[in-house]
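Colleague: I would like to go through the charged pairs and the nonpolar packing of this model with you, one question at a time.

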Amino acid sequence: MKTRSLAFSLLFPFVLLTAGSDSHAQDQQTQDGVKVGEMSMFRKLAPAGALENQAALQYNQTMQQAEKQHALGPDNHPQVIRLRAIANKLIPYTLRWNERSKQWKWEINLVGSKQINAYCMPGGKIAFYTGILDTLKLTDDEVAIVMGHEIAHALREHGAERAGKSMVANMGVKLAELVAGAKGYDPNVVGSVASGAANLGMLKFSRDDETEADVVGLDIAARAGYDPRAGIALWQKMGMVNKGAPPQWLSTHPAGTDRIAEIRRHLPEVMPLYAHAKGVDLATIPAYQTNVKNIAPVNYSAR
Ligand SMILES: [Zn+2]
């Protein structure tokens, strides 16, 4: 029995890396706009459905707690209406990134908290904290950039990837047995998915995942008619508030100093999508001007 387990554990990484080329129809559909690599194989260890169910439970609990504390934005709150309107414009452009999103029961809520935070759990459960809207004075374009980024984490299954990686790290041989024996599904796996990602709204992602979420988020926002250049102003605003206490959102979203440069690098791919969505000529689009005086207008000139 021991030697069998060992054999499985030695085999396992090989199986993991070669288990199909994972060619997603949605990757092939992405003929224009941004390009990203294939999704991490690690995410396959955490069954998407199980993770989405777990996220829905956690999300409901969090929103119920917020409601008890009179901190859940009511349906008729202007900011709730605004967030949901922006989400409704973004959601049609999520399908090209993950076909599962067709069945997601999207929820968008506002939590009354000074924390500068926002997240989208697996399965499309979105929360914005009043702190991120108020402190950063987010424009609609900037809300769309934050929301697009968070949605992109869910679409690219970064939570499942993280859960999968921590399962491999924590379980080793035991996991190899499960995968070999249980055809990818076992209630114990579901349990470890939950513990591998204790709070699905507060995951800290890798730099690579952050870059990917930025890029995919820009694509979604641009197609929905939101200015991708707002991403540059957003990170400038983040930098300004970060000089005080570090906002929650920055602690779960490691910020590289090159983040703005990365967004700028992808503008040639997403600005045409934005111009198309707005029905205007790219060459005539004025600079993006945020609502804070000491942030300069963001220009873009097509090459
Ligand atoms: Zn992120």
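Colleague: With which residue does arginine 259 form a salt bridge?

Modeller: This is a predicted model, and in it arginine 259 lies in helix 13 (residues 259–278), from where it is linked to a part of the chain 45 residues apart, in helix 10 (residues 207–223). The closest N and O atoms of the pair are 2.6 Å apart, within the 4 Å that a salt bridge requires. The partner of arginine 259 is aspartate 214.

Colleague: Is aspartate 214 buried or exposed?

Modeller: The cut-off for a buried residue is under 20% relative accessible area. Aspartate 214 has a relative accessibility of 9%, so it counts as buried.

Colleague: Which parts of the chain does the salt bridge between arginine 82 and aspartate 140 tie together?

Modeller: The closest N and O atoms of arginine 82 and aspartate 140 are 2.6 Å apart, and aspartate 140, at 38% relative accessibility, counts as partly exposed. Arginine 82 lies within residues 78–90, and the two residues are 58 apart in sequence, so the parts tied together are helix 4 and helix 6.

Colleague: Which helix gives the most residues to the largest nonpolar core?

Modeller: That core has 61 residues, and Met147 is one of those with the most contacts inside it. Methionine 147 touches Leu83, Ile86, Ala87, Leu90, Ile126 and Phe128, leaving aside residues up to four places away in sequence. With nine residues in the core, the element that gives the most is helix 6 (residues 140–155).

Colleague: Which residue meets glutamate 142 of helix 6 in a salt bridge?

Modeller: Glutamate 142 and its partner in helix 11 (residues 230–241) are 95 residues apart, and both are buried. Their side chains meet at 2.7 Å, N to O, and the partner is lysine 237.

Notes: Residues are numbered from 1 along each chain as its sequence is written. This is a predicted model: local features need pLDDT of at least 70, side-chain atom pairs count only at pLDDT 80 or more; totals for chains, interfaces and linings use all residues. Side-chain values use heavy atoms; hydrogens and water are left out. A nonpolar core is a set of buried Ala, Val, Leu, Ile, Met, Phe, Trp, Tyr and Cys residues joined through side-chain atoms within 4.5 Å. Buried means under 20% relative accessible area, exposed over 50%, partly exposed in between (1.4 Å probe, protein chains only). Helices (H or I, at least four residues) and strands (E, at least two) are DSSP runs, numbered from the N terminus. Contact means heavy atoms within 4.5 Å.
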